[in-house]
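Visitor: I would like to learn how to read the packing of two helices, and then how to read the surroundings of a single residue. Could we go through it step by step?

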Amino acid sequence: MINFTILENYFPVINKDIIIGNYTFYIKLYQDKNGYFSLEVDISKKDTKEKHRFVQFLLGLGKDEPNELSCHDSEVPHFKIDYYQREEEAFSATIYFTFRNIAEEELIDYAKGTVVIITKMLRKYFENEDIDIANLSEVVYENSVISELLDYEEKVIDAFYICWKEGDLIVRQKGKDNFVIKTKHNLIKYLNFDYLKPIYLPLKEKIEINEKINSSSQIM
Amino acid sequence: METELDKIQTTITIPLGLKNRIRKLKGSMTYKQYLSKLLRDRNKLAHNESYIEIQNLVRKSAVYSFGYYKVTFTYNEYNNSENFIFDIDIVEIRNKGALESIEKFKKNMLGSEKLQSYQELILTHKLYFELLEKAIQIEIEPLFSHKSRMDDYDAWKKEFESLGLSKKSFDFDVMRKLRTLENQGDAF
């Protein structure tokens, strides 16, 4: 069985809250004896000025126990991004990529790529929220991740691209009909928000490169 | 496809409250037709590949009473999405009708002796889980009560599963709070 826990080397603290000002960071790295695992970052922010405002952002790779209540095959490896915001009303957005055709032995490479995406996303988050970047090393060892794991990022981006191209990326909105994203325009509409840039930009680039390749091959 | 088993009638034991709610929802359909429809709907959603789900969740208010206390709290109105979470938040605490800060509430509940911070944490987390129980009673099952210790996550997990609540709700509404307690953080 693949050992995901070796990825602990890239995080100072795992499975414990890291509190920096109004922000709580949590790196979940877990694997059970049946091979189910989870690697994710969970960030939450309590706004002290507006007492009831709360924001949570979660992102990561996992393979869960089968769950009959789930609307998807939770035991298939998946990459999930969750954004939740509570003000007067609450809003949530979930993006769920299912990696159906991944060989078991390849999963460790995807997990390494996920560590890179988590690191880039954390840096972006620190910058956007004006958190002292010196504190980033309390959550992730950025230099080690970038120097040792950067090459694996592309594998995960490739997998997102395959999900987008070959699968059905379905948008579910309460009270509206589901629809399938098949155009770049809709991809931009749903994925282009600030914290998702480390995922969205390389994916968009991959789509554009492939579009160019396809159109030039059609001309020939 | 119909099998021989489909021709044999049987009974399912369910609480009366749940049966009444199904009766209200099924309209003119028979129970058999309605349950078959639920299965079809579920299968339509099941095993979809990748998805994006966007939801605007309605915040609802409720009051939880004990002794002279009234605690007004908010939570998300239940919907059957697997991305649903309750997200309990306290709006105000009143003691005999007068507004009281959470700090004063802790002091009053623990007595005038020197406060021990861990006791404070237990107190606010206990209140949090009582509010979660109340929200579940309002939204899902009026007879629900948590059958074990507050920090018995295994019992919570089984209860969430039997209520049909999602893993995400369990992670957010239960595990996250138990993690806060373990890390000696405040519940609210």
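Visitor: At what angle do helix α4 and helix α5 of chain B pack, and how far apart are their axes?

Guide: Two packed helices are described by the angle between their axes and by the distance between those axes. In this predicted model, helix α4 (residues 117-139) of chain B packs against helix α5 (residues 153-163) of chain B at an angle of about 15°, and their axes are 13 Å apart. Angles under 35 degrees count as roughly parallel, and α4(B) and α5(B) are therefore roughly parallel to each other. The crossing in which α4(B) passes α5(B) is left-handed.

Visitor: Which residues of α4(B) and α5(B) meet?

Guide: From α4(B) come B:F129, B:L132 and B:I136, which meet B:W156, B:F160 and B:L163 of α5(B). Sorted by character, the residues of this contact between α4(B) and α5(B) comprise six nonpolar, no polar and no charged.

Visitor: Turning to a single residue, is B:A187 buried or exposed?

Guide: Buried means under 20% relative accessible area, and B:A187, with a relative accessible area of 1%, is therefore buried. B:A187 lies in the segment that comes after α6 (167-182) of chain B.

Visitor: Which residues is B:A187 in contact with, leaving aside its neighbours within four places in sequence?

Guide: With those neighbours left aside, B:A187 is in contact with B:T124, B:H125, B:Y128 and B:K177. As for separation, B:A187 and B:L123 are 64 residues apart in sequence, while their C-alpha to C-alpha distance in space is 9.1 Å.

Conventions:
Residues numbered from 1 in each chain as written. Chains lettered and ligands numbered in written order. Predicted model: local features only at pLDDT ≥ 70, side-chain atom pairs only at ≥ 80, totals over all residues. Heavy atoms only, no water. Axes fitted to C-alpha atoms, helices over the stretch in contact; angles between N-to-C directions. Helix = DSSP H or I, 4+ residues; strand = E, 2+ residues; numbered from the N terminus. Parallel < 35°, antiparallel > 145°, perpendicular 65-115°, else oblique. Left-handed = near helix turned anticlockwise from the far one by under 90°. Contact = heavy atoms within 4.5 Å. Nonpolar A, V, L, I, M, F, W, Y, C, P; charged D, E, K, R; others polar. Buried < 20%, exposed > 50% of the residue type's maximum accessible area, 1.4 Å probe, protein only.
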